[in-house]
Amino acid sequence: MSKKELKLAELEPESKEVSVLKEIMSGDPVRIALSVLLGFFIGAIFMVVFNPDVVKSWSNFGADPNYALSTVWWTIQDGYGALFSGSIYNLNADNFINGIRPLTETLRFAGPLIMAGLAVSLTFRVGLFNIGATGQMMVGLAGATFVSTRLHMPQVIHMLVAVLAAILCSMVWGIIVGILKARTGAHEVIVTIMLNYVATDLFTYFLREPGLLLEANGGGTPKSDHPDGTAMMGALLGPSFKLNYGLIFAAIAVFVYWWLMERSTFGFRFRMVGHNASAARAAGIKVENTFVWALAISAAFAGLAAATQGLSMDGGLTTSIEAGIGFDAITVALLGGSRAGGVVMAGLLFGAFKAGSSSMQVAGVSPEVLGVVKALIVLFIAAPPIIRALYRLPKPEPKVFAAIQQAKAAKVIK
Amino acid sequence: MSKIEVTPGMFSKAETKPSLKAPITMLASALMVLVFFGFLGKAGNITYVWSDKREVVQLPVYTVNSMFFCIVLGALLLAIGGISLVINLQKKRTPFWLIAIFGFIAMMALLGWLATGAIQGVQMIFILSNTLVLAIPLILGGMAGLMSERVGVVNIAIEGQLLTGAFVSAVVSTMTGNLYLGLVAAMIASGLVSMVLASLAIKYLVDQIIIGVLLNVLVIGVTNFLHSAWLDNDSAHLNFPGTFDKIAIPFLSDLPILGQVLFNNRITVYLMFLIVPVLWYILFRTKLGLRARAVGEHPLAADTVGINVGRTRFWWVTIGGMVAGLGGAALTIGNVGSFGREMSGGQGFIALAVVILGRWQPIYVTLSALLFGFTIILRVWANQVSPGIPVDFITMVPYLVTLVAVAGFAGKVRPPAASGQPYEKG
């Protein structure tokens, strides 16, 4: 096995690390499908083993084996059935509107995840491991909160200005990372972790100050007023669905990302730096500037996610509006292979998990199991050796692999 | 192995290059103390309370005029900044102990300014002992990060290892009724998490940062699930371990100030006292440590002289994970007494920062972790003595300090050269 790997390494001129990232991005569909399957399977084991009914029935397995086995089956069916009816279609609903509502909820949750996932993906493509989407979203939320609660403007314009404010604020935060990376060589992982905390504290401070963002008559809790109605992202499919205009923004973001990365010279430069920074430098690309640009544009996507999240919730804004999306975005980007289409699929999957968790709760299954499933799926995808070993898949033939690489490279050049 | 002195510059010439950033930062903060806490400070008195009521030796309570005292401290800080400037102009680096003294004086000024006029005064024992207890997970997590980075593996999974340790120690302690078993179980469990990281990163050459982040996500997911699906059903029998008893060391615990802060603690704290110097000794005074550092600096060279790079990395990362497990146990059975959802709350990430701030050296890493522990308790305490001050800015300080450090405070902070790079035998 290791011999084959060695051969692969010989054919691949770049460092192994880059090629692993590439392998993740190449997104072999069979492997992804198997990873998803295995993730759900292990999730099912978790559900079963920690279900009190199952444990009870198995303690008298000898007396009633059928019952014991059926409790296992029912537990899994209850859990994943609730996930399905909570995220795709509710089969028990009395009419179509109620039946399809879960799907719209999935879309609603998927929007911000997709946009934040694109933010992280973009930096992955440039070879940066940016985990700063959380901080960028926090700063973006601060901008959106300010415009939506303190300024007053006509319908639609107000919303657009708030979105723009969020994007600009996030971009500032992204540019800080870029400049630190480009000028001082500080590792972006540490810088982004630190800036995440700073951003969260900063937003909390703004929310605490009466003169800044604190709600009218607010007390000790850092919370803003409810955003003006004019700034809210209205319902997209009428009042019976919660789905809002954020989805349109997500769709635009996906298209912009696709165009930027696959069709524009800008994106070509990004990818070139990501593939091999020293080659890019030799080709005359200013690598440092590219880092700054990449982080700025990446942060713009995070800002869009923040605006969608902030301008679609009932009640005043707090730091919890971010809802862990910035961190989930990393897994979305990894699962989606940093490509527009992949990120959409990954965002939809995780959005479905978010939408389905409440109905799982109702069905008596801990929705936290989805956290396990999610982590496992991405872990299997990011660590190809595991899934290959488990399913005894053949390793990709070195020659074929190299040929595919060459074909891809040729396409890029043309 | 007689003398292997770790000196700035032993890794690379770039490190010895003096930079004026340190003295400038020090002088600027000294001026801020002088102006804002001193001249523009609060009128009134500061009371420094040095002893607990229970203590054998009672130190006198020290009361002083706030503005006057802060001006004195500010002048002192200015002097230290000046010394640092002189040192740097002579093309030398500001020594770490000078920065530490500077930090301590600045801390006294900040505490005094905050507690001006407050009845309870500055309760030094309370602040210092809590600083220590809160810093334990950070210190031990930092040791885990340091151990794996020294051999060239970036360990982003400290967060997950802390959480694993916290969870396993709470559950095993409750189920067996023996806290020491819980401690051992926590170490083994976190060691296993670390082993996954080590084998994937070293044998299968999967990207270390990606695998670290995903292990965190996995551990958070699993502990969240087990917490809600298992522990919550029967927390009395699963998640009610209690904490270790405090052990007062005879005689030493009667020392003024230090006795209560250092020598009247739980076993987790004493283990930290043991681990940090031992790790320092192993790293810088033994063959084992020299080999480990060689693997982290130049794996090819280490391989050439016959050191097994993969095995060295594997065991250092794994044992580092066990140390982090101890840190996790310190969260539950060493402090709070039960496991809470995501209770590590990002401390594993702070530990990463602490490693950088402490320049990959156990003693400095410990001091940096104490800085973070101090800000955690400061936030709580500042709210009590001086309500209305923006505590969010206080919590921000260590993060900003870390940012300044990675961006090149006091010369360039340089990680082990091969940190994060997979090594494949050619």
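Here are some questions and answers on a predicted model with chains A and B.

Colleague: Which helix of chain B gives the most to the side that touches chain A?
Modeller: Chain B brings 40 residues to the contact, and chain A brings 41. Helices 7, 14 and 16 of chain B each give two or more residues to this side. The one that gives the most, with 15 residues, is helix 7 of chain B.

Colleague: How many residues on the side of chain B that touches chain A are nonpolar?
Modeller: Sort that side by class. Three residues are charged and seven are polar. The nonpolar count is 30.

Colleague: How far does helix 6 of chain B reach from its first C-alpha to its last?
Modeller: Helix 6 of chain B covers residues 179–203, so 25 residues in all. At 1.5 Å a residue, 36 Å is expected. The model comes close to that, with 35 Å.

Colleague: Is V156(A) buried or exposed?
Modeller: V156(A) sits in the loop between helix 7 and helix 8 of chain A. Its phi is positive, near 65°. Most residues other than glycine have a negative phi. The cut-off for exposed is 12 or fewer C-beta neighbours within 10 Å. V156(A) has 12 inside 10 Å, so this residue counts as exposed.

Colleague: Is R359(B) buried or exposed?
Modeller: R359(B) lies in the loop between helix 14 and helix 15 of chain B. Its phi is also positive, near 50°. A residue needs 20 or more other C-beta atoms within 10 Å to be buried. R359(B) has 20, so this residue is buried.

Definitions and conventions. Residues numbered from 1 in each chain as written. Chains lettered and ligands numbered in written order. Predicted model: local features only at pLDDT ≥ 70, side-chain atom pairs only at ≥ 80, totals over all residues. Contact = placed C-beta atoms within 7 Å. Helix = DSSP H or I, 4+ residues; strand = E, 2+ residues; numbered from the N terminus. Nonpolar A, V, L, I, M, F, W, Y, C, P; charged D, E, K, R; others polar. Expected span 1.5 Å × (residues − 1).
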